[in-house]
Amino acid sequence: ANPRVLEHYREMVSNLIRLVPDLRYLVFWTSDSGSGLPFAKSLYFGPNGSYIARSKKLEQMAAEFSGSMLTAGRKLNPEFDVLMEISWEYTRDERERITKALPNDVSLSHSLMGGAGILGGTDPENSREVYDFDRKVGKKFWSEFVVSLFWDIEPVFGICFPTLLQRKFASLDALDVKQFFTLGGICSPPQCPYMVNHEVYLELVRGNAIPNMHEFLTGKARLWCDGNERAAEMLVKAWLSGERALESWPILNWYHRGPAATQGRWITRPLVPDFSLLTGQEKRAFSRSVFTLEADVARINLAFEGGIRMYDEEEFERAAKSYDDAMLPQLELTVSVLDQAIEQSALPALIDQRDRYKGLLLLQRTLRNSMAAQAAINRWLLGQGNREQKRAILKQAIEAEITNTSDWISLLKSSTTNFFHLAQGEETPFIYKTPIEDLELRLEVMKRHCGDAPGPDLVELSWKNDESTAYD
C-alpha cells in the first residue's frame with residue numbers, strides 16, 4: 001500500500017533482471033506465515049494493516065503491487081511476466097475482486113484443488129469454478145500441482161505412486177489447462193534410480209498418453225529387474241499396493257499431510273507421558289533442530305503448533321484407528337510382497353523399493369503411535385473417559401513406539417538405500433545429521449520414562465481446534 005514499499009519492489013525486480021537478463025517470469029504468493037495483503041480476511045491475526053492500507057481496497061493494493069513489479073521488469077526485459085499465485089488464501093469474493101482488478105498483463109497461478117495429501121489435485125471439479133472465472137474475465141492463467149506433497153513424505157523420499165500422478169495430469173486435461181508448474185516429488189536419480197514416477201512424469205509432461213499404465217509399469221519393472229518376469233510382476237504389485245496405502249492415508253489437515261512430523265521432529269522426539277519432565281540432555285536430539293520456538297506449547301503437546309490448536313483428541317483417535325484399519329496393514333502387505341520377491345531374486349531394484357516402503361511404514365507407525373498417545377494424555381488430563389483405560393492406551397502406544405524405534409535403528413543401520421534425508425553439512429528440521437544416535441537416545445529415554453504420570457496440565461487444552469482456511 002505504501003508508495004515507498006512499491007518503489008522498493010520495483011528496485012528489487014530491476015536488480016534481479018540485471019543479474020538474470022532473460023528471466024521469464026516471477027510468481028508471487030501472499031497471505032501465509034502472518035504476511036500478505038493488508039486486511040485480507042485470512043491473515044493469521046485477522047484483517048489488519050496500516051493507515052495507508054485502510055484507505056485502499058484489497059484489490060487495488062494487489063493491482064498496484066503486481067503492476068509495479070511488471071512495469072519495472074519490462075523496462076529491462078519486454079518478455080518478463082508477473083504471476084499472482086492464488087489458492088486457498090482468499091475468500092471467493094476476495095479472489096474474484098482481485099482477479100478483475102489485476103492489470104491485463106499480470107497473469108494468475110492456481111493450485112489444483114480437491115483431494116487431501118497425496119491425492120491433492122486429482123479431482124478437477126474442485127478447481128473448475130476458479131479457472132472458469134478467469135476465462136470469463138479474460139485473464140491468462142497457469143495451474144500448479146504437487147507431484148507428491150509440498151514436503152514429499154519427509155524424511156522418507158522416493159516413494160512411487162504412478163497412477164495417482166497420472167490422475168493429476170488428467171485433471172489438467174479436464175480443465176483444459178495448457179500452462180502449469182509442478183512442485184515436489186522429483187528426486188535425484190542417483191539417489192532414486194528406480195523411481196517410476198520419474199518415467200511417468202517424463203511421458204506425461206511431453207504430452208504422451210499412457211493408455212495402459214499396467215503395461216507401462218511392467219515394461220519399466222522388467223528393465224530394472226534384468227528381464228526377470230516374476231520379479232517384475234512382484235515389483236508392479238508392490239507399486240500398486242503402496243498406492244492403495246497412500247490413498248487410505250487418514251489426512252487430518254494440511255499440517256499433518258506435510259510438515260507436521262518433520263518440523264516437529266516427531267521421529268526423534270521421545271514419546272513419553274509427560275514431555276515437560278525431560279531434561280535438556282534427554283531431549284537434545286529433538287530440540288537441536290526442531291522448527292517450533294522454545295516457548296511454543298507444541299514442543300510439549302503434539303496437538304498444537306505455533307500457538308494454534310491443530311488437532312483435537314477425537315481427530316487423533318480417529319486417525320489412529322484408520323491407520324490400524326487401512327494404511328498400516330496395506331503398507332505391511334507392500335513390504336511383504338517385496339520381501340517375498342527378494343527371497344527369490346535379491347535384485348537391487350527390489351531391495352531399493354522394499355527399503356523405501358519399509359521406511360514409509362515406520363514413519364506412519366510413528367505418527368499413529370504419537371497421535372494415540374497424545375490423545376490419551378489429553379483425555380486423562382481433561383478428565384474425559386475412564387482414566388485407567390486412557391493410561392492403558394498410552395502405555396500400549398509408547399510400547400509400540402519403543403518397538404518401532406528399534407526397527408528404525410535396525411533399518412538405518414542395515415540399509416544401503418538412500419531413502420532417508422541425511423545431512424552432510426548443516427542440519428535442518430527436514431534433514432537429519434545423526435539419526436541413528438538420535439533414535440538410540442530416544443529409545444533410552446522412552447524406556448526410562450514410560451511409567452511417568454501424564455502431563456503437563458495446560459490451560460491451552462481447553463482451546464478448540466481453530467485450524468481452518470478461507471476455503472473451509
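Is Asp226 buried or exposed? At 64% relative accessibility, Asp226 counts as exposed. The close-up views below come from a predicted model, and each legend walks you through one spot.

**View 1. Asp226 sits in the loop between α8 and α9.** Look for this residue in the loop that links helix α8 (213-224) to α9. Its phi is near 55°, a positive value in a residue other than glycine.

**View 2. Asp176 is found in the loop between α6 and β5.** Strand β5 covers residues 180-183. Here, too, is a residue other than glycine with a positive phi, near 55° for Asp176. With a relative accessible area of 44%, Asp176 is partly exposed.

**View 3. Glu243 is a buried residue without a salt bridge.** You will find Glu243 in helix α9, which runs over residues 229-247. The nearest side chain of opposite charge belongs to Arg244, 7.1 Å away. What does the side chain of Glu243 join through a polar contact? The partner is the side chain of Thr163, at 2.2 Å. Leaving aside neighbours within four places in sequence, Glu243 is in contact with Cys160, Phe161, Pro162, Thr163 and Leu164.

**View 4. Cys187 and Cys192 are not joined by a disulfide.** The sulfur of Cys192 lies 4.1 Å from the closest cysteine sulfur, that of Cys187, which is too far for a bond; a disulfide would need the two sulfur atoms within 2.5 Å. Cys187 counts as buried at 10% relative accessibility, and Cys192 is buried as well, with a relative accessible area of 3%. The disulfide count for the model is zero.

**View 5. Helix α16 has the span that its residue count suggests.** This helix holds 15 residues, 435-449. At 1.5 Å a residue it should span 21 Å, and its end C-alpha atoms are indeed 21 Å apart. Its buried residues include Pro435, Leu439, Arg442, Met446 and His449. Which helices do the buried residues of α16 pack against? They pack against α12 (284-287), α14 (348-382) and α15 (387-414).

**View 6. A cis peptide bond joins Gly455 and Pro456.** Follow the chain into the segment after α16 to find Pro456. The omega angle of this bond is about -5°.

**View 7. Another cis peptide bond links Glu154 to Pro155.** Omega is about 0° for this bond. Pro155 belongs to the loop between strand β4 (141-146) and helix α6 (162-174).

Note on methods. Residues numbered from 1 in each chain as written. Predicted model: local features only at pLDDT ≥ 70, side-chain atom pairs only at ≥ 80, totals over all residues. Heavy atoms only, no water. Helix = DSSP H or I, 4+ residues; strand = E, 2+ residues; numbered from the N terminus. Expected span 1.5 Å × (residues − 1). Buried < 20%, exposed > 50% of the residue type's maximum accessible area, 1.4 Å probe, protein only. Contact = heavy atoms within 4.5 Å. Lys, Arg positive; Asp, Glu negative; His and termini not counted. Salt bridge = Lys/Arg side-chain N within 4 Å of Asp/Glu carboxyl O. Polar contact = N/O pair within 3.5 Å; in protein donor to acceptor, adjacent residues only side chain to side chain.
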